[in-house]
Amino acid sequence: MAPSKTKHANQACVIPGGFTVLSLQFSTDSVAQHKICVKEHRVRAEKTTQRPLDRTLFVLNIPPYCSEGVIKELFSQFGPVQSVELREKPGSFEHSGPKLAKYFTPAQKRGFRVGYIVFQKAISITAVKSHPHDVPLIVSTEQRPVWTGLQKWIHQYKQSFAQPDKLQEAVDTFMQDYDKRKEEEAERQKEEAEEQLEDEEGWVKVTRGKSGTKTRPHSEVSNQKALQKESRKRKRKELMNFYTWQHRNTQKEHIAELRKKFEEDKQRIALLRAQRKFRPY
Amino acid sequence: VGPLPLRQMAQSESSHDEEDEGPTRAKRGKPEVVQDGFLRPVKLSRGDLYKPPTADELNQLKEAESLFHCSLLKMQMEELLKEVALSERRKQLIDSFVQSVTEQLQTVPQTSEVELSDLSWLSGGVKVPFVLVPKAAKGKFHMAPPKSVTIMGSYPLGTCTKPGISVDLAVAIPADVLHPKDALNQRYPRKRAIYLAGLAQHLATSPAIGAMRYSCLHGNRLRPILLLSPPGKDSSSITLRLHACPPPGFFKPSRFHPQRNNIRTDWYTGLGSSQPGEATSEPPTPHYNSSVLGDMLPRAHLQFLTAVSSQCTAFAEGVALLKVWLRQRELDQGVGCFSGFLGSMLLAYLLSCHRVSNTMTAYQLLRNSLHFLAFNDLTENGITLAKGPDSTPSLAEFHTAFQVVFVDPSGHLNMCADMTACTYKQVQHEASLSLQFWDDPTVDGFHALLMTPKPMIRTSDHVFQLCELVKLQSCCKKLNLLSELMDHSGNYVLTALPFILSLLQRGLGQRVRLLTHSLTPDPEWPVESDAPKHNAQPPLSFGLLLNPEQAASVLERGPPADSPKAEEFRQLWGSRSELRRFQDGAITEAVVWEGETTCQKRLVPRQLITHLLQLHADIPESCVRYIGGMLDDVIKVEREVCSTGEEESLKVVQSYDDLSRKLWRLEGLPLSITSVQGAHPALRYTQVFPPVPLKLDYSFFDREKLSRSLVPQEVKPCPVYITPVKVICHMEGSGKWPHDRVAIRHIKAAFHISLGELLTQHHHYTCQPSPSHLDVWKDGLVFRIQVAYHREPQVLRESVSPEGLLIVRDNAEAQALEMDTMQRPLLTSTLHGLQQLHPCFGAVCRLAKRWLGAQLFSDDITEDTADLLVASLFLQPAPFTPPGSPQVGFLRFLHLLSSFDWRNNPLVVNLNSQLTAADYTEIKNDFIASRESLPVMFMATPNDKKVSIWTKQAPTVQMLQRVVMVAAESLKILEPQLMDNSQLQDVRVVMRPPLDPYDVLIHLSPKQVPLLSQAVDPPHATFSRGVLAGRVANTGGALPVIDFNPVTHYLAELRDAFGDLALFFYDPYGGTVIAVLWKPKAFSPLPFKTSQMVARRVEVSGEEAHTVPNVEAILEDFGVMGQGLVKTVEPRTERWVV
């Protein structure tokens, strides 16, 4: 039983669901503690090199002032840490596009996060899980103070300055890279297009899949346009007020419309009356 | 502003949706859809929609189709009439009460004859309702049962309306009590008053009568009346007014010709110096005469009106509508009012001269009477109901004696005797204004016409009051008004009023469009006390409707020195008038008033009024209470010269114009600039505290190593906050732009760099480029230039599906970018244009936003939303005119917030008048069709008819409710305070939010709040924030600390971390407290889930694990995250338990 375990000192606290609860406090003289839950990372579908199953620890509820670096330091006591990944929500590892310079990485939301800690050795996981519940992890100590509040904001402000030449350099490298990619893409498409052409003897090589020779992909809009054109064509062919029943229907629709409008008016009045909106003072 | 159920407002959007689940509608499709006060699209079942119509129904539908606008208005008016009509129960109550009073009156005992001045026979503490000055009076008096008791006035005519039902009962004094010569020297009015006292004494013993009070008819002290109300619970619902009047035909009407004298000077002054032969020199007493005449004619009037109304079926309803219209404009009560009786007479006049026909509906009657009022000036061309020219006085004679002339059917009485020309002008103004918006399909005519009250403080741009009315006595002396005083039988307030009005009208001239004054309410006093003195009444209030072009001019240019009019000018302005030479060479008389800044100039009318009153009417400045700029204080910029920010805004705009010119001229950019647009409130004059050019003290700051930019020091107070003024710079479209979102961002960064280089190179501005913007330090201000590419939102919306299909999907990122680079610049330029039309637009916006900020609503009603709300006040002012002063604009803003029905109506802000009537209908229909999915506060503009982009994110329904409530409270406190000088004079009360409904208060260290000086109650202690006094350099210098506000960082972090658990409120203008409110469901345990483990701890029971918020740790985090900024965290644990 889990609750009974929490009563014993120097013992790990394990809750249903397999998570171990650890305490974490900001500094030694803090009075309150956050409870972080850890568990070995175990997802069947995922087999990426970034999160090896036996060495990755999944951590919940990491306070906003704990950066990757701080977490790395904190968990080093259980064994050497290979990498730390902090995310807003648990989920599979995502590849972000081309590598961006620091100026261009989008700002992250600074809330509570979940973490994936990859240890160098699998034994560290067990060490963490058997860490006693009542010995808290300390975020900010004298040896490695963690900046929060004013200190942090001033620091951030200082960091926010971008050297124009450095920035220019980042832009240039990216754009070169981008142009190269574009060129390669164009090259590839050109090749594909060439493949579709007749060769000297009048043969066309038919390839599987990629059917388009167009340089631009089909767009959803043009798709819809085509469909609309079809339906319009069909409509044009139809005769509207030809049969008596069609004529009768239009009249019926008109009366229905009027009825609806009348009801709306009545409703509006009824509403105002109900709200005593006619009492002038 | 009391504590309000704040707890609800933290409820999440989801609960709102639940509550909006429609009530299950009846299966038959009956329109029982208004249970919860919510309009929703009508859904009729197929059977109902398509059943065969009957002939009747068909007709009805056709009518509704052709008269759509009209029929709704017609239905609305019918409903209104039902509301004001008397119920049968009420009528029975009145009849039985009248019956019992009549019986009581018949039993009045006869008393013996005594001298008129002998009042010893009166006992039981009943006093005479008359100011007996002078004391001497000839004649005999005795009590006798009335000759007749008849019911008169609106009740028998059927034009009596709720509320304040009063029924008139005329008690004829028997002929033997009176004497034919009693009309002279107030003898008759005194006898009448004493007779009333006798009646009161008799009725006092009767159990059938509840409360008994005296009052006087339309405030005329010569015509006291006795108010009776039934006993018990009905006492407040009806009032019976007893009028004592002479028996019919007792006095000859010709005696009361407006040129005749009926009060002798020697009697009135008590000097007795005049000789008997000099009767011709006696001044006429028209007002006295008409007050006696008025007593003799009610019966004839009733007969006349009954005859007229029996001809016209809608007469009573027409009068009722007119009465409602007048009452909403505060014109129907008090001295010289346009009473309901006058309304009936007016309709009768229109019927008699065939301006309206007998078959018209009430709606048409009202419309035609307003039309008549709007286009006929009774101050110049009076009208008469009398048929032929017989011995009655001519209209010209009436005009010499009275300001407004409307003669009754007898031809002897001017029914508008007490009305001032100003009051009539006000009626005219209101009528023409009403006609203007009546037909406008974009205005809710019914609401504006009949449902919106127009109190003076919310109607007039400036208001001033004369407080100590006793001073008017000396004023009468100074203006030499003895004979007028005699005519008004000593009522010096009424005597002086027309003269003061004409004086002010002359002095104000073109500055005002309309000068109005409050109508002194009818005094009421208990029968046991003496009649109140003439000054025992609320202060006289005057309202000014300013002419925006002229009102603030400091110069009053008079005629040339040698013209004959110069003397007149000098006489009017006294010592203030001086000879001046102007640039065009003319030498003229002129008066120059003080005023440097806009806020001082706005108060020029005040200087003018106090000067004139002091000079001509002996009214000292201390008696004049001017209510025009009472609220200016809260938006004052701290400067040597007092200013409410207009000048500062102008400076920012000028500096921006200069920058934009320089940007246009830049050469050497790879692509050319296609537009430079401002996107900041300061560039449309609506920034609450516009940025001020600053000179910095470099020693206060640290330096960044490479760029030598200034950075804040931890140990010192937070440096002065510098707002970056955002400027959007669109670049030409070209094939060179990449078609990729990340690449576009890089290209934009490259543009920022090269723009910065060019600006530094050519103009020596200090620039700091960054990927998202370029900061330019110029003229002591910071401009933040943001390069935009018009196709970028489109690129953001596009994505390629795995099948190679190009998909266009709207997303938040694209919307935000579009808002930043297109919609906000457009709004800014549109509102900038509005400011040019209405000079006080910006000031109203600033007041409104200051209030929103102070009440901690800044995050819910954003700046753009607030500006649009204020813009709607200017664009659609009906039934008012566009606000002409910040104060009145602010009051109307509060009224709009508190009274607008956001649930059922979209607020259409017709910027640049681009929307047509058809657009309005379309907006309304779209709105009703999809109400539930639209923002709670829906505002449509010409560019945004369906989405309401500005209010999409906020407010939530709970916050809107709260805003509405607080606005109503603020208005309730503010308006009486402005109008009543006996109340505590501190308008800042409405700017101090109640903090008791909040759960945790985070107190901030004032040193680290950079905008501290903008607080509602700025603290005395000041810190240096690195600013020096002196001239500001235009170019160069180190880059200052820009946009660094620790509180904003702190709030953002708090919301990121704890946004799911709590709401955070803060006054962005120098607040030192962050108020925290737990969300209602925050503390309920949740089952353990990896996605719901934010700042929570686990509680295990059995095999189940639940999580609850780790409140102790959260509270500690408040402190940790705001280290250096947070002073204390005050959890109010008495309000909540975990």
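# Exercises on a predicted two-chain model

The sulfur of B:Cys337 is 9.6 Å from the closest cysteine sulfur, which belongs to B:Cys416, and that is too far for a bond. The model is a predicted one, and the exercises below work through its cysteines, salt bridges, cores and chains.

## Exercise 1. Cysteines

Task: Decide whether B:Cys160 is too far from the closest cysteine sulfur for a bond or close enough for one, and state how many disulfides there are over all chains.

Solution.
1. A disulfide needs two cysteine sulfur atoms within 2.5 Å.
2. The cysteine sulfur closest to that of B:Cys160 is in B:Cys337, 15 Å away, so the pair is too far apart for a bond.
3. For B:Cys337 the closest sulfur is that of B:Cys416, and 9.6 Å is again too far.
4. Over all chains, the count of disulfides is zero.
5. Both cysteines are covered: B:Cys160 has 9% relative accessibility and counts as buried, and B:Cys337, at 8%, counts as buried too.
6. The residue after B:Cys160 in the numbering is B:Thr161, found in the loop between helix 6 (154–157) and strand 4 (165–172) of chain B.
7. B:Thr161 is buried at 12% relative accessibility. Beyond its neighbours within four places in sequence, B:Thr161 is in contact with B:Val84, B:Leu86, B:Ala320 and B:Lys323.

## Exercise 2. Salt bridges

Task: For the salt bridges A:Glu230 with A:Lys233, B:Arg223 with B:Asp295 and B:Asp377 with B:Lys425, find which parts of the chain each one joins.

Solution.
1. In A:Glu230 and A:Lys233 the closest N and O atoms are 4.0 Å apart. Both residues are in helix 6 of chain A, three residues apart, about one turn of the helix.
2. A:Glu230 is partly exposed at 42% relative accessibility, and A:Lys233 is partly exposed at 41%.
3. In B:Arg223 and B:Asp295 the closest N and O atoms are 3.4 Å apart. B:Arg223 is in the loop between strand 5 (212–216) and strand 6 (224–228) of chain B, while B:Asp295 is in helix 9 (residues 286–296), so this pair ties together parts 72 residues apart in sequence.
4. B:Arg223 is buried, with a relative accessible area of 15%, and B:Asp295 is buried, with 6%.
5. B:Asp377 and B:Lys425 meet at 2.9 Å, N to O. B:Asp377 is in the loop between helix 13 (362–375) and strand 8 (383–384) of chain B and B:Lys425 is in helix 15 (residues 421–438), so the parts tied together are 48 residues apart in sequence.
6. B:Asp377 counts as buried at 19%, whereas B:Lys425 is partly exposed at 33%. The cut-off for buried is under 20%.
7. Over all chains there are 58 salt bridges. A network of them links B:Arg684, B:Lys726, B:Asp820, B:Arg824, B:Lys849, B:Glu863, B:Asp864 and B:Asp867.

## Exercise 3. Nonpolar side chains

Task: State which residues touch the most other members of the largest nonpolar core, then place B:Leu974 and A:Tyr243.

Solution.
1. The largest nonpolar core has 170 residues, and B:Phe406, B:Leu472 and B:Leu613 touch the most other members.
2. Residues touched by B:Leu613, outside four places in sequence, include B:Phe464, B:Ile500, B:Leu503 and B:Val624.
3. Another core, apart from the largest, has 77 residues, among them A:Ile36, A:Ile154, B:Ile1002 and B:Val1126.
4. B:Leu974 lies in helix 32 (residues 957–979) of chain B and is buried, at 0% relative accessible area.
5. Contacts of B:Leu974 beyond four places in sequence are B:Leu631, B:Phe890, B:Leu891, B:Leu894, B:Val987 and B:Val990. B:Val990 is 16 residues away in sequence and 7.0 Å away, C-alpha to C-alpha.
6. A:Tyr243 is in the loop between helix 6 (220–237) and helix 7 (244–274) of chain A and is partly exposed at 46% relative accessibility.
7. A:Tyr243 joins A:Leu239, A:Phe242 and A:Trp245 in a nonpolar surface patch of about 490 Å².

## Exercise 4. The two chains

Task: Set out the helices and strands of chain A and chain B, with the share of buried residues in chain A and chain B.

Solution.
1. Chain A has seven helices and seven strands, in the order α-β-β-β-β-α-β-β-α-β-α-α-α-α.
2. Chain B has 34 helices and 37 strands.
3. Of the 281 residues in chain A, 36% are buried; of the 1138 in chain B, 57% are buried.

Conventions: Chains lettered and ligands numbered in written order. Predicted model: local features only at pLDDT ≥ 70, side-chain atom pairs only at ≥ 80, totals over all residues. Heavy atoms only, no water. Patch = residues over 30% accessible without salt bridge, like charges linked within 9 Å, V, L, I, M, F, W, Y side chains within 5 Å. Areas by Shrake-Rupley, 256 points an atom, 1.4 Å probe, with all protein chains shown as cover. Salt bridge = Lys/Arg side-chain N within 4 Å of Asp/Glu carboxyl O. Helix = DSSP H or I, 4+ residues; strand = E, 2+ residues; numbered from the N terminus. Buried < 20%, exposed > 50% of the residue type's maximum accessible area, 1.4 Å probe, protein only. Core = buried A, V, L, I, M, F, W, Y, C linked by side-chain atoms within 4.5 Å. Contact = heavy atoms within 4.5 Å.
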